Amino acid sequence: MSKLWIIGDSFAGSGKIGEEAWTQQICSKFKGDEYYVSSKGGRDFQTILDIFLRNLKDIKKNDIVILVVPSLGRTRLPLANPQMDVEHSNKIDYESKKNILEYFLSAA
């Protein structure tokens with residue numbers, strides 16, 4: 001079966017409280033085995049590309065990949081404490097998330 005990958009900035013996020021975002025709607029209708037959504041407000045292009053490349057080894061021929069690319073004017077700064085980069089997934093548990101860290105903060 002296939003897996004859905006969505007990686008991007010806040011436009012790939014879960015939306016406002018009480019509203020279902022487009023990513024959640026797609027994930028709920030997705031007929032494949034797994035979905036993976038990694039999003040964060042203000043995320044820069046380089047960080048999105050880094051996350052995509054880090055996962056490239058796991059992306060298969062039949063998978064669907066959606067990259068939400070922001071303005072190229074965003075820059076990034078290193079974080080003092082890394083954060084998990086996965087917003088939600090139906091197969092990644094907390095222990096696995098600890099190994100998926102983001103080391104940069106975007107600055108507009």
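These legends walk through several close-up views of a predicted model.

**View A. The whole chain, with its helices and strands.** A good place to start is the overall layout: the chain holds 3 helices and 6 strands. Followed along the sequence, these elements come in the order β-α-β-α-β-β-β-α-β. The chain has 108 residues, and 36% of them count as buried. About 6700 Å² of the chain is exposed, with carbon and sulfur atoms supplying 56% of that area. Among contacts between residues at least 6 apart in sequence, 75% join residues at least 24 apart. Several of the views below show pairs that link distant parts of the chain, one of them being Lys3 with Glu34.

**View B. Lys3 and Glu34, a salt bridge between strand 1 and strand 2.** Here the side chains of Lys3 and Glu34 meet in a salt bridge, at 3.4 Å from N to O. Lys3 belongs to strand 1 (residues 3–8) and Glu34 to strand 2 (residues 34–39), so this pair of residues, 31 apart, links distant parts of the chain by the strand assignment. Lys3 counts as buried because its relative accessibility is 13%, under the 20% limit. Glu34, at a relative accessible area of 24%, is partly exposed.

**View C. Trp5 and Tyr36, an aromatic pair.** Stay with the two strands for this view: Trp5 sits in strand 1 and Tyr36 in strand 2, 31 residues apart. A search of the whole structure finds 1 aromatic pair, and it is formed by Trp5 and Tyr36. The pair is tilted, with 5.0 Å from centre to centre and 55° between the planes. Both Trp5 and Tyr36 are buried. Lys3, already met in its salt bridge with Glu34, also lies over the face of Trp5, at 4.0 Å from the ring centre.

**View D. Ser2 and its contacts.** Just look to the segment before strand 1 to find Ser2. Is Ser2 buried or exposed? Its relative accessible area is 16%, so Ser2 is buried. Neighbours within four places in sequence aside, Ser2 is in contact with Phe30, Gly32, Asp33, Glu34, Asn62 and Asp63. Glu34 is also the salt-bridge partner of Lys3.

**View E. Arg74 and Asp9, a salt bridge between two loops.** Side chains of opposite charge can pair when their charged atoms come close. In this view Arg74 and Asp9 form a salt bridge, their closest N and O atoms being 3.1 Å apart. Arg74 is in the loop between strand 3 (64–68) and strand 4 (75–84), while Asp9 is in the loop between strand 1 and helix 1 (22–29). The two residues are 65 apart and link distant parts of the chain. Asp9 is buried, at 2% relative accessibility, whereas Arg74 is partly exposed, at 23%.

**View F. Lys57 and Asp58, another salt bridge.** The count for the structure comes to 3 salt bridges, and this view shows the one in which the side chains of Lys57 and Asp58 meet, at 3.2 Å from N to O. Lys57 is exposed, with 63% relative accessibility. Asp58 is partly exposed, with a relative accessible area of 37%.

**View G. A nonpolar patch on the surface.** Phe45, Val65, Leu67, Val69 and Leu72 make up this patch, and together they have about 420 Å² of accessible area. One of them, Leu72, is found in the loop between strand 3 and strand 4. Leu72 counts as exposed because its relative accessible area is 68%, over the 50% limit.

Note on methods. Residues numbered from 1 in each chain as written. Predicted model: local features only at pLDDT ≥ 70, side-chain atom pairs only at ≥ 80, totals over all residues. Heavy atoms only, no water. Salt bridge = Lys/Arg side-chain N within 4 Å of Asp/Glu carboxyl O. Helix = DSSP H or I, 4+ residues; strand = E, 2+ residues; numbered from the N terminus. Buried < 20%, exposed > 50% of the residue type's maximum accessible area, 1.4 Å probe, protein only. Patch = residues over 30% accessible without salt bridge, like charges linked within 9 Å, V, L, I, M, F, W, Y side chains within 5 Å. Areas by Shrake-Rupley, 256 points an atom, 1.4 Å probe, with all protein chains shown as cover. Contact = heavy atoms within 4.5 Å. Phe/Tyr/Trp six-rings, centres within 6.5 Å; stacked < 30°, edge-to-face > 60°. Lys NZ or Arg CZ within 6 Å of the ring centre and 35° of its normal.
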